[in-house]
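Here are my notes on this model, as numbered points. Please read them with the structure open.

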Amino acid sequence: MNKKRFIKYILIDFLSALLLIFIFLLYFYILPRKEDNTGRNMVSKESAEKQTFELPESQDQTSPKKGRSRRESGNTDTKSIASENSSLVFTDKADTVLAEYKNNGLQLNIVKSELGEGNDKITYYTADIYLSSTGQLKTAFAQGVFGKNLRESTLQMAEDNNAMLAISGDSYGNNETGIVIRNGILYRSDTNDAEICILFLDGTMKIYTPEEFDQEQIMESDVWQAWNFGPSLLNQGNVRDSFQTTSYLNNRNPRCAIGYVSPGHYKFVLVDGRNPGYSKGATMSELAQIMAYENCTHAYNLDGGKSSAMVYQGNYINQPADGGRSISDIIYIRKEASIQ
């Protein structure tokens with residue numbers, strides 16, 4: 001074989017390999033792919049309507065305890081990463097109430113909080129939510145369909161679903177694995193190495209490692225939502241000693257998290273970042289400390305970075321990094337706060 005022919009064969013093999021890689025990336029990471037959208041119903045509407053909670057008489061009960069301190073001590077390829085000492089100081093926190101709302105079935109207030117100053121400043125938003133029924137805390141897929149690489153902005157999905165309040169979800173559509181239960185319907189049942197957050201119809205929220213997740217036993221309960229990203233941030237209200245996450249996700253970034261205080265009482269927290277002078281973002285330890293300060297018993301990290309967004313009444317509450325990006329799902333409360 002002469003040299004020119006040899007080079008020709010090498011070039012053909014190289015181009016063929018590139019083509020195969022391109023087709024693989026196109027199929028798995030670029031082309032929208034609608035999947036079976038029927039799912040299996042995990043709860044009945046009748047069961048959902050039986051779960052009711054009392055709303056507080058005043059907004060005063062939504063305030064976090066002052067000076068709560070940390071205990072000293074979606075996503076794949078996770079490992080245990082030790083929590084770090086945090087320099088967050090809440091005594092000089094500046095709060096601005098952005099919105100308050102109450103009707104017979106829903107009470108919420110949204111507060112903008114600022115910690116520190118200059119390039120060390122962190123700005124975060126907390127939506128403190130009381131619901132009369134777990135069924136009011138809903139989720140939605142981009143384009144209204146369960147699938148892969150289907151994306152819309154948080155703002156667009158909020159509009160599509162008549163949402164009063166919405167935050168970015170766990171980006172289930174970026175993965176081939178990971179349990180997906182939304183609004184009481186099971187769409188995907190396999191797990192990966194990320195921790196799993198379950199919201200039960202009785203209003204309780206629990207977070208499981210893949211090893212702790214007994215699917216058969218848990219599925220016998222009324223499961224309303226299941227998210228697969230993480231990590232878990234708190235251990236009975238205290239910052240965890242370590243986080244089951246990746247080194248990249250542990251860096252300082254914009255953040256989004258859901259917190260559990262008690263049945264019917266939840267918190268959406270959004271930390272802006274990558275904008276020196278306004279908000280530098282938070283490490284996982286700092287996010288956990290914020291969730292502990294907000295009196296959450298359990299807290300779960302959702303997709304962050306440019307995905308992090310909070311929408312209220314048709315407008316962004318926060319300033320998404322680099323203008324934000326389209327994502328696969330949201331968590332939201334409908335304007336009429338109904339179960340339907």
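**Notes on the fold and its cores**

1. Start with one pairing: Ile167 has Met310 as its bridge partner in β21. The model is predicted, so read every point below with that in mind. Ile167 also has a bridge partner in β23, namely Ile331.

2. Ile167 belongs to a covered strand. β9 spans residues 163-168, and six of its six residues are buried. β9 pairs with β23 (residues 329-334) through five bridges, antiparallel. β9 also pairs with β21 (residues 310-312), again in the antiparallel sense, over three bridges. Within that second pairing, Leu165 stands opposite Tyr312 of β21.

3. Where does β9 sit in its sheet? The strand order is β7-β23-β9-β21-β22, an open sheet of five strands with antiparallel pairing. Its edges are β7 (137-141) and β22. Each edge strand has a single partner, so one side of each is left without a neighbour in the sheet.

4. Next, the loop between β22 (315-316) and β23. Gly324 is found there. Is Gly324 buried, partly exposed or exposed? Its relative accessibility is 24%, and buried means under 20%. Gly324 therefore counts as partly exposed. A distance to check: the C-alpha atoms of Gly324 and Ser153 are separated by 8.0 Å, although the two residues are 171 apart along the chain.

5. Now the packing. In soluble globular proteins, nonpolar side chains tend to be buried together. Here the largest nonpolar core has 71 residues. Leu137, Leu165, Leu233, Phe268 and Met310 touch the most other members. Helix α5 (residues 284-293) gives the most to this core, with seven residues. Apart from it lies another core, of ten residues, including Met157, Ala166, Val311 and Ile327.

6. Two of those residues recur from the strand pairings above. Met310, among the residues touching the most other core members, is the β21 bridge partner of Ile167. Leu165, also among those residues, stands opposite Tyr312 in β21.

7. Which residues does Leu233 touch, leaving out those up to four places away in sequence? Among them are Asn238, Val239, Arg240, Phe243 and Ala257. The list also includes Met284, Leu287, Ala288 and Met291. Ala299, Tyr300 and Asn301 are in contact with Leu233 too.

8. A separate set of pairings involves β11 (residues 185-188). Strand β2 (residues 40-41) joins β11 by two bridges, and the strands run antiparallel. Asn41 has Ile185 as its bridge partner in β11. Strand β10 (residues 180-182) pairs with β11 in the antiparallel sense over three bridges. Arg182 stands opposite Ile185 there.

9. β10 and β11 form a hairpin, with two residues between them. Look at Asn183 in the turn: its phi is positive, about 55°.

10. How many disulfides does a search of the whole structure find? Zero. Two cysteines deserve a look all the same. Cys197 has 0% relative accessibility, so it counts as buried. Cys296 has 1% and therefore also counts as buried.

11. Finally, the totals. The protein has five helices and 23 strands. Of its 340 residues, 54% count as buried. The accessible surface comes to about 15400 Å², and 49% of that belongs to carbon and sulfur atoms.

Key. Residues numbered from 1 in each chain as written. Predicted model: local features only at pLDDT ≥ 70, side-chain atom pairs only at ≥ 80, totals over all residues. Heavy atoms only, no water. Disulfide = S-S within 2.5 Å. Buried < 20%, exposed > 50% of the residue type's maximum accessible area, 1.4 Å probe, protein only. Helix = DSSP H or I, 4+ residues; strand = E, 2+ residues; numbered from the N terminus. Pairing = 2+ DSSP bridges. Areas by Shrake-Rupley, 256 points an atom, 1.4 Å probe, with all protein chains shown as cover. Core = buried A, V, L, I, M, F, W, Y, C linked by side-chain atoms within 4.5 Å. Contact = heavy atoms within 4.5 Å.
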